[in-house]
Amino acid sequence: MAPLHVPVQSVQVFPATALRVSAGANQGDGIGVHDDLMPDDVYALDADARRLRLGLATGEGGFRVAEDTVVGRPGAAVHLDCLVTFMSPDGLTQDAIVLVELDPEGQIGATYLLPLADFAPRTEYTLVGIDVTGAAAAFARVACVYFTRGTHISLATGEQRRVEELRVGDRVLTRDDGVQELRWIGMTTLRATGALAPIVIEAGALNNEHDLVVSPDHRLFVYQRQDRIGAGQPELMVKARHLVNGDTVRVAEGGFVDYFQLLFDRHHIIYAEGIAAESMLIDPRTRPALPPELLDRLAQLLPGHTRGGMHGLDVQQALLDRPDAIDLLRRASMR
C-alpha cells in the first residue's frame, strides 16, 4: 500500500524570548507555557525580533518538526500549548498560539509564539486571556483553506456562481474527477490580519479574468508546459502567500473577511475565477475547525481525504522567492 501523504505546513514564529514581560510578576521572562503565565503581565516585543519559519509535519500522532525548517530540531514533537490573548494600548486584542517543542526526553526543549495578528516592537501588550483548550481550533483556522465572499466557482453547467450563493448538493467541476457534489459549506468571519489576512491575486496574474482572493495557505494548482522555475515536475501546488510580490499578488490586511470552506467527498482541485485551486482537505490540522457533529456524520470520508491530498508537487518557498515568480508560472502554464 502506498504511504499516505503527510501534510507539511510552515508557520512564521517568534522564539519565546522575543516577547518578554516588561512589567508584572514574570518581569524579564519570555512568553512561556500556560502554567507559567500570569494574567495582567505586560509584554513587549524586542526591537530586533524577527519571525522564523517553523516547518511542521502532521500525522495522526500529532505534530513534529519537518525536515524543511529554519528553526527547531527535525523530528521533534511539537505541542500546541495554549491560545493567548493580549490587549494593546489602543484597546484592540491580538491572539497568538504558544507552541512547545519537546526534547528527546519529552521535556520542554524550546517554546515559540505563533502570532495570529501583527505585534509591533516597543509596544506594550497586556496578557488578558489564557485558553488551554482553544489552541487546536485556532491553529486549524490558520491551516484551513478558504475562498472569500464574491469568488466565482465553476459549476458543471459552466455557470460561474459566487461562493456565498452555493448550496449543498450543487454539482461543481473538478480537474481530475469530473463533476462532484458539494457535501458541506462552511462560513466564518475573521479579522484580516497577520496569519489570517487574505491574499489577492490580481486579474491576469495567473491568466485569471477577475481578482482571486484566498487564504494565505490556499494552494493553487499550476500545470507547467515548460519548467520555468526549476521544480522538476509539471504539476505543482503553490501556496498563495508564496507568490506575494507586493504588486500583482499582495496581502489584503485590515478589517474583517468572510471566509468560505467547500467540502467534497475527497480533496479536489476545482476552479475559482478560472484558476485551479484546492478544496478543503480534512486532516489532523484542520479537523478541530469543523463542528463535531459534522465530523461524526462524515467520519467515513476522512481516510479518503488524507489519501487525496496529493495533486502535484508542493513547491517550497525557496523556489518562489523571486520577484518574477508569478510571471514565470503564468507563462509556464500558457500554451
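This note sets out points on the fold of a predicted model and on selected residues within it.

1. Overall fold. The protein chain contains five helices and 24 strands. Its radius of gyration is 20 Å, close to the 20 Å that the globule rule gives for 335 residues, so the chain is as compact as a globular protein of that length. The C-alpha trace spans about 65 × 45 × 40 Å along its principal axes.

2. Burial and contacts across the chain. Of the 335 residues in the protein chain, 50% are buried. When contacts between residues at least 6 apart in sequence are considered, 64% of them join residues at least 24 apart.

3. Surface and charge. The exposed area of the protein chain is about 14,800 Å², and carbon and sulfur atoms supply 49% of this area. The chain carries 31 positive and 45 negative charges, and the mean positions of the two sets are 7 Å apart.

4. Residue L45. This residue is placed in strand β3. L45 counts as buried because its relative accessibility is 5%, and buried means under 20%. Leaving out residues up to four places away in sequence, L45 touches F14, A18, L19, F119, A120, P121, R122 and T123. The C-alpha atoms of L45 and R20 are separated by 6.6 Å, with the two residues 25 apart along the chain.

5. Residue D40. The loop between β2 (19–23) and β3 (42–45) holds D40. The phi of D40 is near 80°, which is a positive value in a residue other than glycine. With a relative accessibility of 58%, D40 counts as exposed, because the cut-off for that class is over 50%.

6. Residue E273. A positive phi is also found at E273, where the angle is about 55° although the residue is not a glycine. E273 is located in the loop between β22 (269–272) and β23 (275–278). Its relative accessible area is 7%, so E273 is buried. The two residues with positive phi therefore fall in opposite classes: D40 is exposed, whereas E273 is buried.

7. Residue H242. The position of H242 is in the loop between β19 (235–239) and β20 (249–251). H242 is buried, as its relative accessible area is 10%. The side chains of H242 and R241 are joined by a polar contact of 3.4 Å. Apart from neighbours within four places in sequence, H242 is in contact with V315, Q317 and L320.

8. Residue E164. Which residues does E164 touch, not counting those up to four places away in sequence? They are R149, G150 and F260. E164 itself lies in the loop between β12 (160–162) and β13 (171–173). At 22% relative accessibility, E164 counts as partly exposed, because this value is neither under 20% nor over 50%. The C-alpha atoms of E164 and F63 are 33 Å apart, and these two residues are separated by 101 residues along the chain.

9. Loop residues taken together. Loop positions are found here with each accessibility class: D40 is exposed at 58%, E164 is partly exposed at 22%, and H242 is buried at 10%. E273, in the loop between β22 and β23, is likewise buried, at 7%.

Terms used. Residues are numbered from 1 along each chain as its sequence is written. This is a predicted model: local features need pLDDT of at least 70, side-chain atom pairs count only at pLDDT 80 or more; totals for chains, interfaces and linings use all residues. Side-chain values use heavy atoms; hydrogens and water are left out. Helices (H or I, at least four residues) and strands (E, at least two) are DSSP runs, numbered from the N terminus. Buried means under 20% relative accessible area, exposed over 50%, partly exposed in between (1.4 Å probe, protein chains only). A polar contact is a pair of N or O atoms within 3.5 Å; within protein, one must be able to donate a hydrogen and the other to accept it, and residues adjacent in sequence count only if both atoms are side-chain atoms. Contact means heavy atoms within 4.5 Å. The radius of gyration is taken over C-alpha atoms; the globule rule is 2.2 Å times the number of residues to the power 0.38. Accessible areas come from the Shrake-Rupley method with a 1.4 Å probe; for residues, only the protein chains shown count as cover. Lys and Arg count as positive and Asp and Glu as negative; His and the chain ends are not counted. The place of a charge is taken as NZ of Lys, CZ of Arg, CG of Asp or CD of Glu.
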